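Here is the note you asked for on this protein and DNA assembly. Please read the points below with the sequence and the coordinates open beside them.

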Number of protein chains: 2
Amino acid sequence: MSKQPKYQQVADALRREIDNGTYGPGSRLPSEAELSARFDASRNTVRSGLNLLVSQGLISSSQGLGYAVRKHEVFKLNASRFENLNFPQNGDAYSTDVTSAGRRPHQTFRVEVTTTPGHIAEQLKVEPESRAVLRFCHRFVDDVPWSTQATYYPDWLVQEAPRLTEPGDIAEGTTRYLSSLGIEQVGYADEILTRMPTPEEARLLEIGAGVPVLIWTRTGYSGEQPIRYTITTFRGDLNRMNYEIGDLSARDENEAK
Amino acid sequence: MSKQPKYQQVADALRREIDNGTYGPGSRLPSEAELSARFDASRNTVRSGLNLLVSQGLISSSQGLGYAVRKHEVFKLNASRFENLNFPQNGDAYSTDVTSAGRRPHQTFRVEVTTTPGHIAEQLKVEPESRAVLRFCHRFVDDVPWSTQATYYPDWLVQEAPRLTEPGDIAEGTTRYLSSLGIEQVGYADEILTRMPTPEEARLLEIGAGVPVLIWTRTGYSGEQPIRYTITTFRGDLNRMNYEIGDLSARDENEAK
DNA sequence: TCAGACTTCTTGTACCAACAAGTTGAGCAA
DNA sequence: TTGCTCAACTTGTTGGTACAAGAAGTCTGA
């Protein structure tokens, strides 16, 4: 009959009950002691089962409070509208998106001149360890850490566009600033991947166990030349990325009605 | 000094050694007993530390063999070239991509007529629980499970395009088949998200602990009307998704040289 | 030589105990 | 009422033990 280990049975039973709504999002689970009695298992065995669900992102635990079913409140990001010449990308694309969703944006900003790590140099088609400007952004929504964004600009571009090294935001947006210097971003290549966070990422984004990160990189081109490389790291439990390609005008008109 | 719990110290130390190359990808870690001696900790404590790294996707364990550093062999998917009128999407887009990478593709295929779950009905703009055709695909690369793909077609479309219910591939591709009936896919909206796999997904994709899934959904439109909704679930450790937007012809010509 | 048993390594499961530490609410004192 | 202490809950950490089970090489007997 029960070939499965006991801690698996505990995890499966609890997952079923969460799925069917016995324990709704945000609600508390019975304590380890109660579950221990219910499943006739030791506290350690029950903990193994709970740990499984935690690492699967289904529940979370906090000392003194107990276990709770995780809530999923996702935020939709529009990646294809994010950055084009009509609506230049800058910090404000994020601010307006968040504000229009009725949330409160907050970000910290930092600029530094560094050497380019190998994999980034490759994207920017410059020598490894050569100079680059890094503009780094740590973003919050309603004081919850949301994402980090690091954009690298190659040194040759900084020579032409010195304001990139200015600390603080460039008011009109970097894309528009570069455009005013005759450097047009004509296209970009995006890459999206997912993995579990590094401890550093988990710290910055305050990610609990069992939550992956969504990593979005964008290489912007002006002609054949890469002019920027942006790495954005999102909390996987709070974000979805959207792309719209082709002619969706008929749909959008219909939506508006 | 050591405010951190001992199992954390174990995890941190091992992570450092993996990062700096002491243990390279695929190599075996010392056994629990050896680590127990090295860190002067009980086997349980060492196991806690190792478990942390497993659930973070850094290492994997197998009974009898020990712990090993996880290898990351990623496969790049091009989402923006995947499906357009010049290169209609069908099962072969996957096959050709895999073959051209020198790998061996394999897939199982299934067609069924079902009722539409609520969130899918919403995307297709049809009544919940109404009839729809589901074309389901389970894909492998070199016999390793790679992704699952489920595409839903609304009932009204199936009336016009009866071959959608045919079991087995449609040789010329569904997009081209629909096009031949005057139903052109003029645009699509993509959504990408990540989370930890459900037990069902973990089973189908043979995902170990600490590996998230990358979920890619695409709604295809013909005018204002959604004509298909595709959900593709990838193993997060093996896939990256690429989008190319705008004019990258200058870059591509440069690459070719 | 070869097949099978056996030993020895590994991790997996399950239990017990004890104390640390975070959270909450009851109850007491000013 | 207000503010504080403290008891009673919760999970977190660390130690121990025992046996199950998978993997791999050794040793033995045909």
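1. Which residue stands opposite A:G187 in strand 10 of chain B? The partner is B:G246, and the wider setting is the pairing of strand 7 of chain A with strand 10 (residues 239-246) of chain B, which is antiparallel and extends over six bridges. Please bear in mind from the outset that this is a predicted model, and that the distances quoted below are computed from it.

2. A second pairing between the chains involves strand 10 of chain A, which is joined by six bridges to strand 7 (residues 187-195) of chain B, the two strands running antiparallel. Within this pairing, A:I245 has B:Y188 of strand 7 of chain B opposite it. Strand 10 of chain A also has a partner inside its own chain, since strand 3 (residues 75-78) of chain A pairs with strand 10 of chain A in the parallel sense over four bridges. There, A:K76 has A:R240 as its bridge partner in strand 10 of chain A.

3. On the contact between the two protein chains, 43 residues of chain A touch 43 residues of chain B. The area buried between chain A and chain B is about 3600 Å², and 57% of it lies on carbon and sulfur atoms. Three residues, A:M196, A:Y243 and A:I245, account for 16% of the area that chain A buries against chain B, which is more than any other three residues supply. A:I245 is thus named both here and in the strand pairing with B:Y188.

4. For the polar side of this interface, the rule finds 11 residue pairs in polar contact across chain A and chain B, with both residues of each pair at pLDDT 80 or more. The elements of chain A that give two or more residues to the side touching chain B are strand 7 (187-195), strand 8 (213-222), strand 10 (239-246) and helix 9 (249-256). Strand 7 of chain A makes the largest contribution to that side, with nine residues. By class, the side of chain A that touches chain B has 17 nonpolar, 14 polar and 12 charged residues.

5. The rule also finds four salt bridges across the interface of chain A and chain B. One salt bridge is formed by the side chains of B:E191 and A:K76, with a distance of 3.7 Å from N to O. A:K76 is also the residue whose bridge partner in strand 10 of chain A is A:R240. Over all chains, a search of the whole structure finds 30 salt bridges.

6. A salt bridge within chain A deserves a separate remark: the side chains of A:D142 and A:R103 meet at 2.8 Å, N to O. This pair links distant parts of the chain, 39 residues apart, with A:D142 in the loop between strand 5 (131-141) and strand 6 (144-154) of chain A, and A:R103 in the loop between helix 4 (91-100) and strand 4 (105-115) of chain A.

7. Turning to the DNA, 21 residues lie around DNA strand C, and those that come nearest are A:K6, A:N44, A:T45, B:R43 and B:S61. Of the atoms of DNA strand C within 4 Å of the protein, 63% belong to sugar and phosphate. An N or O atom in the side chain of A:T45 is 2.6 Å from a phosphate oxygen of DNA strand C, while for B:S61 the corresponding distance is 2.8 Å and for B:S31 it is 3.1 Å. Helix 3 of chain A gives the most to this surface, with three residues, and the residues of the surface comprise five nonpolar, 11 polar and five charged.

8. Around DNA strand D there are 22 residues, of which A:R43, B:K6, B:Y7, B:N44 and B:T45 come nearest. Sugar and phosphate make up 61% of the atoms of DNA strand D that come within 4 Å of the protein. A phosphate oxygen of this strand is 2.8 Å from an N or O atom in the side chain of A:S61, and for the side chain of A:S31 the value is 3.0 Å. A polar side-chain atom of A:Y67 lies 3.4 Å from a phosphate oxygen of DNA strand D. Helix 3 of chain B gives the most to the surface near DNA strand D, with three residues, and that surface has five nonpolar, 11 polar and six charged residues.

Notes:
Residues numbered from 1 in each chain as written. Chains lettered and ligands numbered in written order. Predicted model: local features only at pLDDT ≥ 70, side-chain atom pairs only at ≥ 80, totals over all residues. Heavy atoms only, no water. Near = heavy atom within 4 Å. Polar contact = N/O pair within 3.5 Å; in protein donor to acceptor, adjacent residues only side chain to side chain. Nonpolar A, V, L, I, M, F, W, Y, C, P; charged D, E, K, R; others polar. Contact = heavy atoms within 4.5 Å. Buried area = accessible area lost by both parts, 1.4 Å probe. Pairing = 2+ DSSP bridges.
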